[in-house]
Amino acid sequence: MNWQSIKQTIAAILIAVGLLITPIWTKVAQADDLGLVTAAEAYVKTVQEARSVFSDLATEAQTFLQQGNSDLQKAFQELPQDLERLAAAPDVATRTQIQAEMTAKQQSLKTFATSFSDWITKAETADKQYEKTVETANEEFEKAVEAAEDGLKSASHDKVASLKKSFKQTSKLISGLADSTSKAASGKGVFVQAQYDEQLAALGQAFDQMLEAVKSLN
């Protein structure tokens, strides 16, 4: 076996390596294999559902304000009329009746005014509920990311270590084969077929191991 055939053999192996390595760097990461897509979808869904507390609050508040505004407008319109009726009341019984009606309306206005404190509490409760839900969702998503990172480190560390080892071993064997060939070609060494066959066999085995290491990263 001459140096030309050796170069052809090495070139063929390098082409095979190149074909295997290329997809690794161009392939889109399979994020869901790590559970990240699922975790992200769960996070978004949780946040969206959590925001419904504000929609519910808005719907309830709108109904309350519409009814309260209607009662308020009615009271403001009727109170001046009640005052006129009170001034023109022909007797005590009529005045007493009108005063009772006015007192009821005034009480209704006070109740409406004080009810806003309840709505402040409702708004604060909704905000805290949303904040707590989102905070929990954040923690869960962070746990998923950390788990993915730990999984990647654990799964890839040994594979990368094996790949580095095979790269070094292959490089060493190629250098050794090149040196032997160079010495034989320059007359500084003796060409021994058995030695070349042994080196090529070792190189072929090293390349096989390197290819397996490369495949494991895919």
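**Figure 1. Contacts across the whole chain.** Of the contacts in the protein with a separation of 6 or more, 79% are between residues 24 or more positions apart. Please keep in mind that this is a predicted model. The secondary structure comes to four helices and zero strands, and reading along the sequence gives the pattern α-α-α-α. Across the 218 residues of the protein, 21% are buried.

**Figure 2. Helix α2 from end to end.** This view follows α2, which runs over residues 36–87 and has 52 residues. From its first C-alpha to its last, α2 reaches 76 Å, close to the 76 Å expected at 1.5 Å a residue. Along the way, look for E78, where α2 bends by about 25 degrees. A proline, P80, follows within four residues of that bend. The buried residues of α2 are A39, V47, A50, V53, L57, A61, F64, G68, A75, L79, D82 and L86. As a reading aid for such a list, residues three or four places apart in an α-helix point the same way, because there are 3.6 residues a turn.

**Figure 3. Aromatic rings between α2 and α3.** The model holds six aromatic pairs. One of them joins F64 and F116 in an edge-to-face arrangement, with 5.9 Å centre to centre and 75 degrees between the planes. This pair links distant parts of the chain, since F64 belongs to helix α2 and F116 to helix α3 (residues 92–186), 52 residues apart. How do the two partners stand in accessibility, buried or partly exposed? F64 has a relative accessible area of 19%, under the 20% cut-off, so F64 is buried. F116, at 35% relative accessibility, falls between 20% and 50% and therefore counts as partly exposed. Both rings belong to one aromatic cluster, formed by F64, F112, F116 and W119.

**Figure 4. A lysine over a tryptophan ring.** Here we stay with W119, a member of the aromatic cluster just shown. The charged end of K122 sits over the ring of W119, 4.1 Å from its centre.

**Figure 5. The largest nonpolar core and its neighbour.** Nine residues make up the largest nonpolar core: L163, L177, Y196, L200, L203, F207, M210, A213 and V214. The elements giving two or more residues to this core are α3 and α4. Its largest share, seven residues, comes from α4. Apart from this core lies another, of seven residues, and V53, L57, A61 and A126 are among them. Three of these names may be familiar from Figure 2: V53, L57 and A61 are also listed as buried in α2.

**Figure 6. S166 and the residues it touches.** S166 lies in helix α3. Is S166 buried or exposed? At 8% relative accessibility, S166 is under the 20% cut-off and so counts as buried. Leaving aside residues up to four places away in sequence, S166 touches Q209, M210 and A213. M210 and A213 will be recognised from the largest nonpolar core.

**Figure 7. Q195 in helix α4.** Q195 is found in helix α4, which covers residues 193–216. With 35% relative accessibility, Q195 lies between the 20% and 50% cut-offs, so Q195 counts as partly exposed. The C-alpha atoms of Q195 and L177 are separated by 9.5 Å, and the two residues are 18 residues apart along the chain. L177 is itself one of the residues of the largest nonpolar core.

Notes
Residues numbered from 1 in each chain as written. Predicted model: local features only at pLDDT ≥ 70, side-chain atom pairs only at ≥ 80, totals over all residues. Heavy atoms only, no water. Expected span 1.5 Å × (residues − 1). Bend = angle between axes of the 7 residues up to and from the residue. Buried < 20%, exposed > 50% of the residue type's maximum accessible area, 1.4 Å probe, protein only. Phe/Tyr/Trp six-rings, centres within 6.5 Å; stacked < 30°, edge-to-face > 60°. Lys NZ or Arg CZ within 6 Å of the ring centre and 35° of its normal. Core = buried A, V, L, I, M, F, W, Y, C linked by side-chain atoms within 4.5 Å. Contact = heavy atoms within 4.5 Å.
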